[in-house]
Amino acid sequence: GLNFLDLMVRQGNIDNPPKTPLVPGFECSGIVETLGDNVKGFEIGDRVMAFVNYNAWAEVVCTPAEFVYKIPDDMSFSEAAAFPMNFVTAYMMLFEVANLREGMSVLVHSAGGGVGQAVAQLCSTIPSVTVFGTASSFKHEAIKDSVTHLFDRNADYVQEVKRISPDGVDIVLDCLCGENTGKGLSLLKPLGTYILYGSSNMVTGETKSFFSFAKSWWQVEKVNPIKLYEENKVIAGFSLLNLLFKQNRGGLIRSVLDKLINLYNDKKIKPVVDSLWALEEVKEAMQRIHDRGNIGKLILDVEKAPTPLMANDSTETSEAGEEE
């Protein structure tokens, strides 16, 4: 799976970026080839998906068994690679952090992305939940059925939301950071929850610009605890990878994935795969995410040959991609 986080890693916009050379990637799907001595519950040949603390973009991946999960029979490998990161993040923010219940309203940015689509699908499993979403206008036709009210990401969505729901919303899921923080907090109802789960505005142009990076953070409103108390608002942060790899919550994540797999088997949720890319095409795939061109998840497929158009010449052999 290819995530916005991978772009942040590439640009160094994360805490303690790993030293190069490194193999990126945090989630994958495949077939079990070998097992550690004490591994129980898995057999060679099992179809699985897994979280990995880097090194997922590879032909062979090694990860502790606690981060590995069996794939439902009906789920394809590409769906499975699109499933763990987005759906666990969406589920935990909605149900573990914000306590989503019947009749609530949710504002989600980047509604056409992998997490945005997972949020929309999970909201539809609870009765009478209203979903407000922002997305690039060219995505609206494709995602309009999954979101109750859809706004252009460049429009003044605050006024639009208030026009439809004068009291505001119960939950704001913010992956943008920057100036949207103040807007999101202003839209929260009393007892509402604002969750920051990413900072995609920190991914700048092709070269890393520390100036624009700093400017984005400078625009984050300084949150005043007294104001939160007076307005009865909750502000929270969520990082799935820290929960998994630094805070040892693997058991909790497994219980969430069990629930998600049940929802998948009941045909209530389904990962949206935008496109498949050969490993040699990772540059173009990353550019598609960077340009926010994707609807759903981009997948790197180790068995896929590069598309001729992506290679420097027009031959159909994969050698062109390798030379590139």
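**Two sheets, a pocket and a cavity**

Let me start with one strand pair: strand E8, residues 188-196, runs parallel to E9, and 4 bridges join the two. One of these contacts can be named, since in E9 the bridge partner of Thr 193 is Val 234. Before going on, please keep in mind that this is a predicted model.

E8 and E9 belong to an open sheet of 6 strands. Reading across, the order is E6-E5-E4-E7-E8-E9, and the pairing is parallel. Which strands are the edge strands here? They are strand E6, residues 149-152, and strand E9, residues 234-237, each of which pairs on one side only. Neighbouring strands of this sheet are turned by 15° against each other on average, if direction is ignored.

As a general reminder, the strands of a sheet pair through backbone hydrogen bonds, and the pairing is either parallel or antiparallel.

The antiparallel case is here as well. An open sheet of 3 strands has the order E1-E2-E3, and its pairing is antiparallel. At its edges stand E1 and strand E3, residues 68-70. Why is one side of each left without a neighbour in the sheet? Because E1 and E3 each have a single partner strand. The twist in this sheet averages 25° from one strand to the next. Between E2 and E3 there are 3 bridges, in the antiparallel sense. To give a residue you can find on the screen, Ala 50 has Val 68 as its bridge partner in E3.

Next, the open space. The second largest pocket holds about 1,100 Å³ of space. Its lining is made up of 37 residues, and those nearest its centre are Cys 28, Ser 29, Gly 30, Ile 31 and Val 61. Which elements give two or more residues to this lining? They are strand E1 (27-31), strand E2 (47-51), helix H2 (77-81) and strand E11 (297-300). E1, the edge strand we met a moment ago, gives the most to the pocket lining, with 5 residues. By class, the lining of this pocket has 25 nonpolar, 7 polar and 5 charged residues.

Now the enclosed space. How many cavities of 30 Å³ or more does a search of the whole structure find? The search finds 1. The volume of the largest cavity is about 50 Å³. Its lining consists of Ala 82, Asn 86, Phe 87, Gly 113, Gly 114, Gln 117, Ala 118, Gln 121, Pro 271, Val 272, Gly 296 and Lys 297. Two or more of the lining residues come from each of helix H3, residues 84-97, and helix H4, residues 114-123. H4 gives the most, with 4 residues. Sorted by class, this lining has 5 nonpolar, 6 polar and 1 charged residues.

Last, a word on the cysteines. The structure holds 0 disulfides. Two cysteines make a useful contrast. Is Cys 62 buried or exposed? Cys 62 has a relative accessible area of 74%, so Cys 62 is exposed. For Cys 123 the relative accessible area is 2%, so Cys 123 is buried.

To recap: there is a parallel open sheet of 6 strands, an antiparallel open sheet of 3 strands, a second largest pocket with E1 as the element giving the most to its lining, and a largest cavity where H4 gives the most. That is the end of the tour.

Methods
Residues numbered from 1 in each chain as written. Predicted model: local features only at pLDDT ≥ 70, side-chain atom pairs only at ≥ 80, totals over all residues. Heavy atoms only, no water. Disulfide = S-S within 2.5 Å. Buried < 20%, exposed > 50% of the residue type's maximum accessible area, 1.4 Å probe, protein only. 1 Å grid on protein atoms, 1.4 Å probe; cavity = no way out; pocket = protein on both sides within 12 Å on 5 of 7 lines; lining within 4 Å. Points joined across faces, edges and corners; volume = space filled by probe spheres on them. Nonpolar A, V, L, I, M, F, W, Y, C, P; charged D, E, K, R; others polar. Pairing = 2+ DSSP bridges. Axes fitted to C-alpha atoms, helices over the stretch in contact; angles between N-to-C directions.
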